[in-house]
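Visitor: Please pick one part of this model and walk me through it closely. I'd like it as one connected story, with plenty of detail on how things pack.

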Amino acid sequence: MNNLAQEKKYKKIITALSVIIPVAVAALFGVNLRSLGFDVAPLKFLPPIYASINGLTAVLLIAAVIAIKKGNKKLHEQLNTAAIACSLLFLLMYIAYHMTSDSTSFGGEGLIKYVYYFILITHIVLSVIVIPFVLVTYMKAKLGLFTEHKKIAKKTFPIWLYVAVTGVIVYLMISPYYV
């Protein structure tokens, strides 16, 4: 199969995943197994773990950029693959936490409340937007379309890095209010 045919096939998959993932997360976010009568323990230990995974994702992304600037394509690929795996692991833990635990409200007041909600909203919106960017960037590299890969990676990297870093910030800001 040539690159054009492969790219067309992957774009269909990417489009589907870019819709399915946010819809599934939104749907599952609203499902609390305990309130549905299931006897499950709240997974209250997960937030610091998935916040740390967000931090690790940020470190991996920065290391991947450094690796490619030094000409180390193999390491660059490995670091980005690990960053994707971390993002997926974060997502699974985030869903598991919210399906077993009550949501925590931010308790700050005044200006800090507006800062928190600005960071949270931009984090959520960009976490949805970045999905197709990450998948297309990865696909372009896998297909050997490095000029196109580099062009889209320049947009993907700052968005993905922002999402990873703000995930940690959101956790740090809300963590005093966990019960």
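Guide: Let's start with α2 and α3, which are roughly antiparallel to each other because their angle lands over the 145 degrees used as the cut-off. The angle itself is about 165 degrees, and the two axes sit 8 Å apart. As for handedness, α2 goes past α3 in a left-handed crossing. Sort the residues of that contact by class and you get 24 nonpolar, six polar and one charged. Keep in mind throughout that this is a predicted model.

Now a quick step back for context. The chain has five helices and zero strands, so the pattern you read along the sequence is simply α-α-α-α-α. Put a box along the principal axes and the C-alpha atoms fill roughly 50 × 35 × 25 Å.

The part I'd really zoom in on is the largest pocket, with about 1,100 Å³ of space in it. What lies nearest its centre? Look for F90, L91, Y94, H123 and S127, out of a lining of 41 residues. The helices that each put at least two residues into that lining are α1, α2 (46-69), α3 (73-100), α4 and α5 (146-174). The largest share comes from α4, with eleven residues. For anyone thinking about electrostatics, the class count may be the fun bit: 31 nonpolar, ten polar and no charged residues line this pocket.

With α4 giving the largest share of that lining, its neighbours deserve a look too. On one side, α4 packs with α5 at about 150 degrees, the axes being 7 Å apart. That angle makes α4 roughly antiparallel to α5. The crossing of α4 past α5 is left-handed, and its contact holds 23 nonpolar, eight polar and three charged residues.

Then there's α1. The axes of α1 (residues 3-29) and α4 (residues 111-142) come within 9 Å and cross at roughly 155 degrees, and α1 and α4 are therefore roughly antiparallel as well. Here, though, the crossing of α1 past α4 is right-handed. To find the contact on screen, select E7, Y10, K11, I14, L17, S18, I21 and P22 in α1, then V128, I131, P132, L135, V136, M139 and K140 in α4. By class, that contact divides into eleven nonpolar, one polar and three charged residues.

One more stop: the second largest pocket, at about 700 Å³. It is lined by 23 residues, and those closest to its centre are I68, H76, N80, H149 and A153. At least two lining residues come from each of α2, α3, α4 and α5, and α5 gives the most, with eight. Its class count reads eleven nonpolar, five polar and seven charged residues. Set that beside the largest pocket, whose lining has no charged residues, and you have a handy pair for comparing probes.

Key. Residues are numbered from 1 along each chain as its sequence is written. This is a predicted model: local features need pLDDT of at least 70, side-chain atom pairs count only at pLDDT 80 or more; totals for chains, interfaces and linings use all residues. Side-chain values use heavy atoms; hydrogens and water are left out. Axes are lines fitted to C-alpha atoms, for helices over the stretch in contact, and angles run from 0 to 180 degrees between N-to-C directions. Helices (H or I, at least four residues) and strands (E, at least two) are DSSP runs, numbered from the N terminus. Angles under 35 degrees count as roughly parallel, over 145 as roughly antiparallel, 65 to 115 as roughly perpendicular and the rest as oblique. A crossing is left-handed if the near helix is turned anticlockwise from the far one by less than a right angle, and right-handed if clockwise. Contact means heavy atoms within 4.5 Å. Ala, Val, Leu, Ile, Met, Phe, Trp, Tyr, Cys and Pro count as nonpolar, Asp, Glu, Lys and Arg as charged, and the others, Gly among them, as polar. On a 1 Å grid over the protein atoms alone, a cavity is a set of points where a 1.4 Å probe fits but cannot get out, and a pocket is an open set with protein on both sides within 12 Å along at least five of seven lines; lining residues have an atom within 4 Å of a point. Grid points are joined across faces, edges and corners, and a volume is the space filled by probe spheres set on the points.
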